[in-house]
Amino acid sequence: MGGVLAVLGPLGRLNAALCTAGRAIGVVAITVMVAVTLLQVVMRYVFNNALPWPDEAARFCMLWMTGLMAPTALRHGGFVAIDSLLMALPVRLSSLLSLILLSISMLVLVMGLSIGWAEVNGLGGRFDTASLYLPTSWSLESWYRIPRSWMMLSLVVGFAMLILVNLELMLRALMGLFGAADRLPMVRNPVLGSAE
């Protein structure tokens with residue numbers, strides 16, 4: 001179990017750092033998403049002059065926000081789950097069932113990562129967005145059209161982070177399976193500020 005703990009410590013710290021950064025960037029993304037959506041509502045219904053770019057910008061931010069915040073939700077049990085069976089079972093059986101379910105989840109996540117990579121490098125990723133541009137000069141005279149692959153990259157980053165978190169959860173379940181759950185380092189809840 002010492003080898004599992006030796007891997008679990010650095011992996012847990014890496015996941016904590018990645019999830020913290022992901023939450024920070026995700027908060028910015030959701031703020032921008034809400035702002036551009038409100039701007040579009042005002043422009044469309046107050047001024048009767050809809051802008052071409054806010055819908056695509058909101059979709060871009062939503063994809064990145066989801067990809068960056070989902071690992072935190074997985075790590076802290078924030079996804080919808082029916083866990084009454086896990087709580088009713090003894091610790092070792094509960095850990096075994098968790099390990100089986102997390103192994104199935106790992107297969108799905110690896111498939112999702114390969115699909116995301118195919119989207120970035122596939123036909124859709126070769127095109128540019130319809131209306132999103134970045135300025136390439138301070139004078140705002142030249143602009144760069146954002147490629148769709150930047151949007152699809154959120155899938156790759158999100159699934160890669162989810163795989164790392166899932167691996168940590170699998171190692172934790174393995175420790176519980178061998179009766180060493182009490183030796184696990186605590187996971188700090190970013191919302192409540194407490195350990196779980």
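Let's start with L140, which is partly exposed, with a relative accessible area of 47%. Keep in mind as I go along that we are looking at a predicted model. L140 sits in the loop between β1, residues 128-135, and β2, residues 143-147. What is the sign of the phi angle at L140? The phi of L140 is positive, about 60 degrees, and this residue is not a glycine. That deserves a short pause, because most residues other than glycine have a negative phi.

L140 has some company here. N48 is also not a glycine, and its phi is positive too, about 55 degrees. You will find N48 in the loop between α1, which covers residues 2-45, and α2. Is N48 buried or exposed? N48 has a relative accessible area of 72%, and anything over 50% counts as exposed, so N48 is exposed.

Now for two glycines with a positive phi. G77 comes just after α2, with a phi of about 70 degrees. G179 follows α5, and its positive phi is near 75 degrees.

That brings us to α2 itself, so let's follow this helix along the chain. Helix α2 takes in residues 54-75. With 22 residues at 1.5 Å a residue, α2 should span 32 Å, and its end C-alpha atoms are indeed 32 Å apart, so the two values agree. Where does α2 bend? Look at M69: the helix bends there by about 30 degrees, and a proline, P71, follows within four residues.

Next, please find α5, residues 148-177. The same check works for this helix: its 30 residues should span 44 Å at 1.5 Å each, and the end C-alpha atoms are 44 Å apart, which agrees.

How do α2 and α5 pack against each other? Their axes lie 8 Å apart, at an angle of about 5 degrees. Angles under 35 degrees count as roughly parallel, and therefore α2 and α5 are roughly parallel to each other. And what kinds of residues make up the contact of α2 with α5? There are 16 nonpolar residues, four polar ones and four charged ones.

One pair of leucines is worth finding while we are here. L153 belongs to α5, and its relative accessible area of 32% makes it partly exposed. L153 and L63 are 90 residues apart in sequence, yet their C-alpha atoms are 9.2 Å apart in space.

Let me take you over to α1 for another pair. L8 lies in this helix, and L8 is buried, with a relative accessible area of 2%. In sequence, L8 and L169 are 161 residues apart; in space, C-alpha to C-alpha, they are 9.3 Å apart.

Also in α1 is Q40. Is Q40 buried or exposed? Its relative accessible area is 5%, and under 20% counts as buried, so Q40 is buried. Here is a pair with other numbers: Q40 and V156 are 116 residues apart in sequence, and their C-alpha atoms are 29 Å apart in space.

One more helix before the cysteines. Helix α4 runs over residues 91-121, and L101 is found there. At 44% relative accessible area, L101 is partly exposed. L101 and D83 are 18 residues apart in sequence and 12 Å apart in space, again from C-alpha to C-alpha.

I'll finish with the cysteines. How many disulfides does the structure hold? The number is zero. For C19, the nearest cysteine sulfur is that of C61, 20 Å away, and C19 is in no disulfide. A disulfide needs the two sulfur atoms within 2.5 Å, so that distance rules this pair out. C19 counts as buried, at 2% relative accessibility. C61 is likewise in no disulfide, with the sulfur of C19 as its nearest cysteine sulfur. At 11% relative accessibility, C61 counts as buried as well.

To recap, the stops to revisit are the positive phi of L140, the bend of α2 at M69, and the roughly parallel pair of α2 and α5. Thanks for listening, everyone!

How values were computed:
Residues are numbered from 1 along each chain as its sequence is written. This is a predicted model: local features need pLDDT of at least 70, side-chain atom pairs count only at pLDDT 80 or more; totals for chains, interfaces and linings use all residues. Side-chain values use heavy atoms; hydrogens and water are left out. Axes are lines fitted to C-alpha atoms, for helices over the stretch in contact, and angles run from 0 to 180 degrees between N-to-C directions. Angles under 35 degrees count as roughly parallel, over 145 as roughly antiparallel, 65 to 115 as roughly perpendicular and the rest as oblique. Ala, Val, Leu, Ile, Met, Phe, Trp, Tyr, Cys and Pro count as nonpolar, Asp, Glu, Lys and Arg as charged, and the others, Gly among them, as polar. Buried means under 20% relative accessible area, exposed over 50%, partly exposed in between (1.4 Å probe, protein chains only). The expected span of a helix is 1.5 Å times one less than its number of residues. The bend at a residue is the angle between axes fitted to the seven residues ending there and the seven starting there.
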